[in-house]
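The following exercises are to be worked through with the sequence and the model at hand. Each task is followed by a solution in steps.

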Amino acid sequence: MTAETIGMPAQRLRRSLGTQQFYWLLIAPALVLMLSFYFYPLAKVLWISVTEPKPGLANYALLFTSESVQRTLLTTTRLCVIATAITMLLGYVIAYAMVHAGERQLRWLTFCVLLPLWISVLVRAFAWVTLLRSNGLINQGLQGLGLIGEPLTLVRNELGVAIGMVHYMIPFAVLPLYANMRTIDLRLVAAARGLGAGPFAAFRRVFLPLSLPGIVGAGILIFIFSIGFYVTPAILGGGRVLMVAEYIGVQILNVLRWGLGAMLATTLLVSVLLLMAALARVVNLRRLFGSG
Amino acid sequence: MEQLGQRLGLKRGVVFAAAWTIVLFLITPALVVFPVSVTDQRFLSMPEHGLSMQHFAKLMTSEDWLGSIWNSLQIAVVTTAICVAGGTLCAVGCWRLSSRLSEGVRTLMLLPIVIPSIVYSLGIYRLFVDIGLIDTVAGVVLAHAVTGIPYVVITVSASLANFDPRLEQAARSLGASLSQTVRRVIVPNIMPGVLSGAIFAFIHSWDETVIVLFIAGRSVYTLPRRMWADINENLDPIIAAVAVMLIFVTLALLAVELTLRARRARMSQTRSTA
């Protein structure tokens, strides 16, 4: 498009052909690696889901007949919806504060949001177990203060899993929400105030609608991340709260039911891709991921 | 503008108090592991009678833990090298071609970030059983590399988006060959993006837990694999010591990344004002 626009037509053609091939050559190593060691194995999962233990859609029928499969899917959906809703609310508050913060405060808020994002998911899950278990720091603290007699059950149940998930996801909500809110012209809110709207009315009728694309985009993104969660629910659920990813793991590693595991993995994959397609309609995906 | 800010929307004080409370919730887990790691008790707890470095000492003398750290480090370094080489070349190629097909390739490259690891783990487990790469360093490196390349493609694409294509034209018209242009003009300009990508790829491999649960186990026992087993089995305070060590490594890398990001922002700023 650029260098080739100058020069004689024939020369240009030859050069552009060579150049094209050269650039495809640059793409080739990564592409070949990804095709053979990422996309081919994924295709294998789809294949297993319709061929093992015997060819056909018998595995998919389990979605409608197996009680344990349905229970797992229900638990997963419930936890994901709850965790996404709470995450969005808390993330919105932080992002809202960030757009209204001075430079210094903004730097600290950004740092504190990014920090947990960078800490190993295992470390975070471990820290939550330390805090939440029955002889953990929170229960000891509350008992020490005489506020409770019996320790509260904060972990190895859905509450613990939800806490861990929300904690993990908040940074992922804040970043796109903040990116969207930064594009909102704050003078519009000031204008609404100047025209007599109260602080809450100005927020609800001007700022909130303008931030809606960010809310929808971040919400879908969070939901996508949460339905595939493995480590956090496994550790904080302590085997009692089985979300779909861990359930698949159990099928493969413990009971060796490949057909069922692959079917659920395929279902998970399809759900994620459908949600991505929905997300792509709302926001520019590449911008969301920070490139371009 | 600041005065205007005072009048905007909701009450500032309430919003900021709420925001900082949530931030406290965000950083609390990172903070609790510090006191727990220096506990004088044998079990997971706050220090009671004094501070003790016993768990760090145990960590530093445990062959199992040191072996896992070494294992993870080797895998992460090799993985990072592959990701940086493959991802950078791919991003440059896609950027320069910017045809429909190459855009498609770049979108394809984003998928491993959103597709849950558990789905991929099943497939790669089966493939590695078939070709004999189960429980080998090479196998783990391969699996980590293909899931890490997207991070490099993203960060390098981001710095290329700020890169003025006229610089490349200028180099070509001054007689530089294609490979010279890539080496001397493009690479130095996208270096911050490449380094950020390298850090992401390193952390990705260093932290990766789900895939190794499936494709490694006896002879390859990475650090996350050992932590996973330990957290699920006996919750020893030694994990708190490991966690503290990991947090320091992370903080160091985060500092580097923030510096790079600032430099990248400065570079694009000088360009747009020039």
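**Exercise 1. Classify B:Asp135 by its accessibility and describe its backbone.**

Solution. The model is a predicted one. Step 1: the relative accessibility of B:Asp135 is 16%. Step 2: a residue counts as buried under 20%, so B:Asp135 is classed as buried. Step 3: the residue is placed in the loop that runs between helix H6 (117-131) and helix H7 (137-161) of chain B. Step 4: its phi is near 60°, a positive value in a residue other than glycine.

**Exercise 2. Carry out the corresponding analysis for A:Leu256: is this residue buried or exposed?**

Solution. Step 1: A:Leu256 has a relative accessible area of 59%. Step 2: the cut-off for exposed is over 50%, and A:Leu256 is therefore exposed. Step 3: A:Leu256 belongs to the loop between helix H12 (244-253) and helix H13 (258-282) of chain A. Step 4: although A:Leu256 is not a glycine, its phi is positive, at about 55°.

**Exercise 3. Locate the cis peptide bond that involves A:Pro53.**

Solution. Step 1: the bond joins A:Glu52 and A:Pro53, with omega about -5°. Step 2: A:Pro53 is situated in the loop between helix H1 (9-51) and helix H2 (58-65) of chain A.

**Exercise 4. Describe the two domains of chain A and the contact between them.**

Solution. Step 1: domain 1 of chain A covers 1-51, and domain 2 covers 58-288. Step 2: the contact draws on 5 residues from domain 1 of chain A and 9 residues from domain 2 of chain A. Step 3: taken over C-alpha atoms, the centres of the two domains of chain A are 36 Å apart. Step 4: about 540 Å² is buried between domain 1 and domain 2 of chain A, with carbon and sulfur atoms giving 76% of this area. Step 5: on the side of domain 1 of chain A that touches domain 2 of chain A, there are 4 nonpolar residues, 1 polar residue and no charged residues. Step 6: between these domains of chain A there are 0 salt bridges, while 2 residue pairs are in polar contact.

**Exercise 5. Give an account of the fold of chain B.**

Solution. Step 1: chain B contains 12 helices and 0 strands. Step 2: the C-alpha trace of chain B spans about 70 × 65 × 30 Å along its principal axes. Step 3: of the 274 residues in chain B, 56% are buried. Step 4: among contacts in chain B with a separation of 6 or more, 70% are between residues 24 or more positions apart.

**Exercise 6. How many residues of each chain take part in the contact between chain B and chain A, and what is the make-up of the interface?**

Solution. Step 1: the contact involves 100 residues of chain B and 94 residues of chain A. Step 2: about 9,100 Å² is buried between the chains, and 82% of it lies on carbon and sulfur atoms. Step 3: chain B and chain A share 8 residue pairs in polar contact. Step 4: helix H2 (residues 12-37) of chain B supplies the largest share of the side of chain B that touches chain A, namely 17 residues. Step 5: by class, this side of chain B has 75 nonpolar, 13 polar and 12 charged residues. Step 6: there are 2 salt bridges between chain B and chain A. In one of them, B:Asp130 pairs with A:Lys44, with the closest N and O atoms 3.2 Å apart. At this pair, B:Asp130 is exposed at 52% relative accessibility, whereas A:Lys44 is buried at 15%.

**Exercise 7. Set out the salt bridges that A:Glu67 and A:Glu158 form within chain A.**

Solution. Step 1: over all chains, the structure holds 10 salt bridges. Step 2: A:Glu67 meets A:Arg71 in a salt bridge at 4.0 Å, N to O. These two residues are separated by about one helical turn, because they are 4 residues apart in helix H3 (residues 67-100) of chain A. Step 3: A:Arg71 is exposed at 52%, and A:Glu67 is exposed at 60%. Step 4: A:Glu158 and A:Arg78 form a salt bridge at 2.6 Å, N to O. This pair links distant parts of the chain, 80 residues apart, with A:Glu158 in helix H7 (residues 158-181) and A:Arg78 in helix H3 of chain A. Step 5: A:Glu158 is partly exposed at 27%, and A:Arg78 is partly exposed at 37%.

How values were computed. Residues are numbered from 1 along each chain as its sequence is written. Chains are lettered from A and ligands numbered from 1 in the order in which they are written. This is a predicted model: local features need pLDDT of at least 70, side-chain atom pairs count only at pLDDT 80 or more; totals for chains, interfaces and linings use all residues. Side-chain values use heavy atoms; hydrogens and water are left out. Domain bounds come from an automatic or database domain assignment. Contact means heavy atoms within 4.5 Å. Buried area is the accessible area (1.4 Å probe) that two parts lose on being put together, summed over both. A salt bridge is a side-chain nitrogen of Lys or Arg within 4 Å of a carboxyl oxygen of Asp or Glu. A polar contact is a pair of N or O atoms within 3.5 Å; within protein, one must be able to donate a hydrogen and the other to accept it, and residues adjacent in sequence count only if both atoms are side-chain atoms. Ala, Val, Leu, Ile, Met, Phe, Trp, Tyr, Cys and Pro count as nonpolar, Asp, Glu, Lys and Arg as charged, and the others, Gly among them, as polar. Buried means under 20% relative accessible area, exposed over 50%, partly exposed in between (1.4 Å probe, protein chains only).
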